[in-house]
Amino acid sequence: MNIVIVDGYTLNPGDLSWASLEELGTVEIHDRSTTKELLGRSANADIILTNKAPISRDTIGKLPNLKFIGVTATGYNIVDTEAASERGIPVANVPAYGSTSVAQMTFAHILNLTQRVGHYAHEVDAQRWHECRDFCFWDYPLLELDGMTLGIVGYGSIGKQVAKIARAFGMDILANSPSLLPGTELEPCIRAVGMDELFQKSDIVSLHCPLTEATHHLVNGKTLSLMKATAFLINTSRGQLIDEVALCSALEDGKIAGAGLDVLSSEPPAQDNPLIDSQNCYITPHISWATTAARARLLDICVKNVKAFLDGNPVNVVNPASLRTA
């Protein structure tokens, strides 16, 4: 089997080993691929592994040998799964590999906004502590999480891990997911609610849902207007969940107190992205998934997905219709 990895660098910049994958076939590894390069490099591929390089209907139609697409991530919106299904090509993702790491980054942003760690580290470097007449100083309120309400949009593997950490901090939790009936008490201090109630009552809203037609611009002018002026918004999921112009306006107008984002609508961001210089908006470069431990799990599961396909028992398939047409 010819296996082509079209953008392997972010998963493995050199600190992990491809050896287990190389045992399954002839492996060709590319750090990055443009659409044109992808077509040329994958011309004889039986299997393609991609992270963010798009596999469109047009691309699928031009790769006659293609039999399997592995996404080295949980989100798979970069693959035209309908076109793959029509060809009988299974598409497999890697669910739940990074729940712990993403939850950790979620709280890194929460703690940064409530304790202003980044701000004060910068101010110390700028000599403000040296110049202070007292033994300490602060110019933002320092907030305690105990007793605050955290709203979790998307109560899957990551959402539940975030809730676990939040409970350790003494927070109350509101959760919203399509499978949850509003009013249900899930666990002590965790209650399922409707979306409007979650935005209205939460001190912090954290997004952990997939990007779909229903969730695109889930955070918009209307939902932002429901939030408390003292509330924070966290997004470690997908940038397109947020209307960035609306969020920028809400931050500039003081309608919410701050935002911590690990994702943006386009990545790397365009120069004119309104959030880059927006006040009280802290942005990290889509790294919540990228701890060494999480990437090692991701690579391991990805290899197992390929092996399961080769054994005739594909797993983690996101387009089951493909199995009926294969």
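Mentor: Contact here means heavy atoms within 4.5 Å. This is a predicted model, where local features need pLDDT of at least 70 and side-chain atom pairs count only at pLDDT 80 or more, while totals for chains, interfaces and linings use all residues. Residues are numbered from 1 along each chain as its sequence is written, and side-chain values use heavy atoms, with hydrogens and water left out.

Trainee: What covers the buried residues of α7?

Mentor: The cover includes α5 (99-115), β6 (149-153), β7 (172-176) and β9 (190-192). Helices (H or I, at least four residues) and strands (E, at least two) are DSSP runs, numbered from the N terminus. The buried residues of α7 (under 20% relative accessible area, 1.4 Å probe, protein chains only) are Gly159, Val162, Ala163 and Ala166.

Trainee: What puts them on the same side of α7?

Mentor: Their arc around the axis is only 105°, so they share one side of α7; the arc is taken from the directions from the helix axis to the C-beta atoms.

Trainee: Why is Ala214 called exposed?

Mentor: Exposed means over 50% relative accessible area. Ala214 has 71%, so it is exposed.

Trainee: Lovely. What makes Phe68 and Phe309 a stacked pair?

Mentor: Rings of Phe, Tyr and Trp (its six-membered ring) pair if their centres lie within 6.5 Å; planes under 30 degrees apart count as stacked, over 60 as edge-to-face and the rest as tilted. Phe68 and Phe309 are 4.7 Å centre to centre with 25° between the planes, hence stacked.

Trainee: And why is the pair of Tyr120 and Phe137 edge-to-face?

Mentor: Their ring centres are 5.9 Å apart and their planes stand at 70°, so that pair is edge-to-face.
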